[in-house]
Amino acid sequence: MLFRSETRIREELKEIGVQPGVLRGKIKKEHERILEELTIAFPEAAWINVELRGVVVLVTMVGKTPPPAKEEGPLDIIAAKEGLVSEVIVLEGTPLVKPGDMVSRGDLLILGEKVLPRREGGFISQPVRAEGIVKARVWYEKKVEEPLAVWQPVRNQRETVVYSLRWRDRVFPFYRRGRVSGKILWERHTKKICRGRNQMNLVELIKDIYSEVSWVKVRVSPEEALARARKEAVKEISSLLPETAVIKNRQEEWKAGGEFLLYRLVVETLEDIAQPAVSTGENREGQGENQNREAVPEGGDGDAAGI
């Protein structure tokens, strides 16, 4: 992390006696004092390290991470994805779904309000930060088309070999053998022969091989195509599953015909789809009485009135 500027760091180091010409032994002897002075000069640093590397003094600083801002205001719980609700646990707020309900992504699950009785009768709704767990059965589907024939390059005997040296950002070819034309396959092999003190002084030996190739159509067995399709589908669906998801069922089907094998994988999971969302008027539309409105118990007398 850069604290304001490197110029300021250099100035502070100079102030405490670390500058070109200072003996290594002196810096080692006063290492603790240098750290203490830098800590005072950079209060925004959570960690500071001073290290001698050859004739270079390396100063490393890590900034403090500010605490996250505390969220305020009411929250609703909405559906993070489509699913069939199987369990609802409300810790705060008013549930709007029950087991057996099918919900879509973005549907309101727990309203950021709770109903409280009034001393003089009736009820009043109060905004709250909704909290709870809504477990649902979620289905993931992936379809894959895997070819039953692929074109593969077959290497011919004719090839060109080129040797080069790379130094810094420049490449110097020094030997070439053979000549090729048409479609080619390129391979590169490298070997470091001089590492140097830094990356800019790296020297590499490079061997490039250019081979003439012919493209041949190769048949793929249905078993091999199925294995590839299954691997791709599993990888894709696995990347979508949350860590807490529990796989309840898995179904697959495939059909080989023509030039392709068609594969379909469906995975059923049980997972918590509750997702916090800032309460807005749009969230509350069609979800019962408006905020800060009284409600009369079923079978009671009198009219509801706004407060």
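A salt bridge is a side-chain nitrogen of Lys or Arg within 4 Å of a carboxyl oxygen of Asp or Glu. The views below show a predicted model.

**View 1. A salt bridge joins Arg250 and Glu252.** The closest N and O atoms of Arg250 and Glu252 are 4.0 Å apart. Arg250 is partly exposed, with a relative accessible area of 44%. Glu252 is also classed as partly exposed, at 31% relative accessibility. Elsewhere, Glu141, Glu253 and Arg264 are joined into one network by salt bridges that share partners.

**View 2. The whole chain holds five helices and 18 strands.** Of the 307 residues in the chain, 26% are buried. Among contacts with a separation of 6 or more, 61% are between residues 24 or more positions apart. The accessible surface of the chain is about 21500 Å², and carbon and sulfur atoms account for 51% of that surface. The count of salt bridges in the model is 18.

**View 3. Lys114 and Glu92 form a salt bridge between two strands.** The N to O distance for Lys114 and Glu92 is 4.0 Å. Lys114 belongs to strand β8 (residues 113-117) and Glu92 to strand β4 (residues 83-92), so the pair, 22 residues apart, links distant parts of the chain. Lys114 has a relative accessibility of 27% and counts as partly exposed. Glu92 is partly exposed, with a relative accessible area of 27%.

**View 4. Arg166 and Glu204 form a salt bridge between β11 and β14.** Here the N to O distance is 3.0 Å. Arg166 lies in strand β11 and Glu204 in strand β14 (residues 203-219), and the two residues are 38 residues apart. Arg166 is partly exposed at 25% relative accessibility. Glu204 has a relative accessible area of 12%; the cut-off for buried is under 20%, so Glu204 is buried.

**View 5. Six residues make a nonpolar surface patch of about 580 Å².** The patch is made by Leu165, Trp167, Phe172, Phe174, Tyr175 and Ile193. Strands β11 (149-167) and β12 (170-177) each supply at least two of these residues. With three residues, β12 gives the most to the patch. Trp167 is found in strand β11, and its relative accessible area of 40% makes Trp167 partly exposed.

**View 6. Helix α1 has buried residues on one face.** In α1 (residues 6-15), the buried residues include Arg8, Ile9 and Leu13. Seen down the helix axis, the buried residues of α1 fall within an arc of 135 degrees, so they line one face of the helix. An α-helix has 3.6 residues a turn, so residues three or four places apart point the same way. The buried residues of α1 pack against α3 (31-41) and β2 (56-63). On the other side of α1, Arg10, Lys14 and Glu15 are exposed. Gly17 follows α1 and has a positive phi, near 95 degrees.

**View 7. Four strands form an open antiparallel sheet.** The order of the strands is β5-β7-β3-β17. Strands β5 (94-95) and β17 (274-278) are the edge strands, and each pairs on one side only. Strands of a sheet pair through backbone hydrogen bonds, either parallel or antiparallel. Between β3 (residues 75-79) and β17, the antiparallel pairing runs over five bridges. The bridge partner of Ile78 is Gln275 in β17.

Terms used: Residues numbered from 1 in each chain as written. Predicted model: local features only at pLDDT ≥ 70, side-chain atom pairs only at ≥ 80, totals over all residues. Heavy atoms only, no water. Pairing = 2+ DSSP bridges. Buried < 20%, exposed > 50% of the residue type's maximum accessible area, 1.4 Å probe, protein only. Arc of directions from axis to C-beta. Contact = heavy atoms within 4.5 Å. Areas by Shrake-Rupley, 256 points an atom, 1.4 Å probe, with all protein chains shown as cover. Patch = residues over 30% accessible without salt bridge, like charges linked within 9 Å, V, L, I, M, F, W, Y side chains within 5 Å.
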